[in-house]
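This short report introduces a structure to a reader who has not met it before. It turns to the ligand and its surroundings, and then to the nonpolar cores.

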Amino acid sequence: MTSVADLDTPVVTVDLDIMRDNIRRVQAHLARHSIGNRPHIKTHKIPAIGRMQMEAGAIGITCQKLGEVEVFVNAGVTDDVLLTYNILGRQKTDRLMALIKRVRRLTVVLDNDVVGRELSEAAGHAGADVRFLVECDTGFGRTGVQTPDEAFDLARRVMRLPRMHFEGLMTFPNRDPNTRDFFERALALFKQAGIPVPVVSGGGTPALFTAQNFPMLTEHRAGTCVYNDAMVVSTGTATWDNCAMRVRATVVSRPTPTRAILDAGSKVLTSDLYFMKGYGHVMEYPEAAVTGLSEEHGTVDLSACAERPKVGDIVHVVPNHCCVVTNMVDEVYGVRNGAVEVTWPVAARGKVR
Ligand SMILES: Cc1ncc(COP(=O)(O)O)c(C=O)c1O
């Protein structure tokens, strides 16, 4: 068996024990509150990990892109998929209809009439039926209808179109109190009209352990929690010990007493800062700051470190945002106790259509 020490750098590793623990913890929490667990696979893009999540008790998976659905359905991970994206254009609606015919349950979200009409037309041509959720913007300021009235009106318009079946409401991420207020008001409108709302889908890793504060949720979609990252740690949702993904990098230069250069730059760690100050957390030197990245160089400020690495030393960086790191590499190495147990191709890498 290959030892982790023999892996050439830069390389992305996933600690298998930590990941299993993360999967178990998330599943147990949501099950305790009778909320379905529908993990978002954009974090790992690896069917084998999706299978572990299903085996732990997930009700199905979430995908962001059709290409991800294709990879996971082809791999037979599950027959219950939620695609949380407005699907537009003939090429995509054709692919969607082909997938709908292959799985027991493939639900899409939409937040406007154009998408509703295109889906209905494509469904008519294909002889398929489309289940949809209405996406609601409950504070994030991205996609989603803006008010409970809009959610109700859009659902009613689209459910009247041929072959379109209203299944419920969806948001990202859950926010207290906006999400609860929004959903309560929307659900009252549907109830008054006698329209069943079987699915209310929430999401987000920072919102995971408070999902029970939104009693209307039937399911929760969390992605990042399978690995965790510096962003999640900064929200208090996980500790460094819960971070399964590490970028293993070599110190290739020590140009000054306070500067180290790593062989991992933006092409591995990505320049996704989120709201963080640095580009990752160096596990061996917690006082270090990854202050800058060029494509193949990571600049680390060691000013605050009593101990400092030398050229040739190996360090492990927990990235800011593990989901984008996933999309940077062909494979991820599953490791346990210093040994490489499995090499996973990132099968849905680059599936952005
Ligand atoms: C629609 C949707 N649902 C769920 C998630 C999962 O969020 P997280 O990675 O914080 O768990 C995301 C993340 O981008 C998302 O866009």
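## Around the ligand

In this predicted model, the ligand is surrounded by 14 residues, and the closest among these are K42, R142, T205, G223 and T224. The space that the ligand takes up is the largest pocket.

## Polar contacts and burial

Two of the closest residues also approach the ligand through their side chains: an N or O atom in the side chain of T224 is 2.5 Å from an oxygen atom of the ligand, and for the side chain of T205 the corresponding distance to a ligand oxygen atom is 2.6 Å. The side chain of Q64 likewise has an N or O atom that is 3.0 Å from an oxygen atom of the ligand. Taken alone, the ligand exposes 390 Å², of which the protein buries 92%.

## Nonpolar cores

The largest nonpolar core is made up of 57 residues, and within it L96, L119 and L169 have the most contacts. Leaving aside residues up to four places away in sequence, L169 touches a set of residues that includes L133, V134, F183, L187, F190 and V200. A second core, separate from this one, has 38 residues, including I46, V226, A264 and V268.

Technical notes
Residues are numbered from 1 along each chain as its sequence is written. This is a predicted model: local features need pLDDT of at least 70, side-chain atom pairs count only at pLDDT 80 or more; totals for chains, interfaces and linings use all residues. Side-chain values use heavy atoms; hydrogens and water are left out. A nonpolar core is a set of buried Ala, Val, Leu, Ile, Met, Phe, Trp, Tyr and Cys residues joined through side-chain atoms within 4.5 Å. Buried means under 20% relative accessible area, exposed over 50%, partly exposed in between (1.4 Å probe, protein chains only). Contact means heavy atoms within 4.5 Å. A residue is near a molecule or strand if one of its heavy atoms lies within 4 Å of it. A polar contact is a pair of N or O atoms within 3.5 Å; within protein, one must be able to donate a hydrogen and the other to accept it, and residues adjacent in sequence count only if both atoms are side-chain atoms. Accessible areas come from the Shrake-Rupley method with a 1.4 Å probe; for residues, only the protein chains shown count as cover. On a 1 Å grid over the protein atoms alone, a cavity is a set of points where a 1.4 Å probe fits but cannot get out, and a pocket is an open set with protein on both sides within 12 Å along at least five of seven lines; lining residues have an atom within 4 Å of a point. A molecule sits in a cavity or pocket if more than half of its atoms lie within 2 Å of its grid points.
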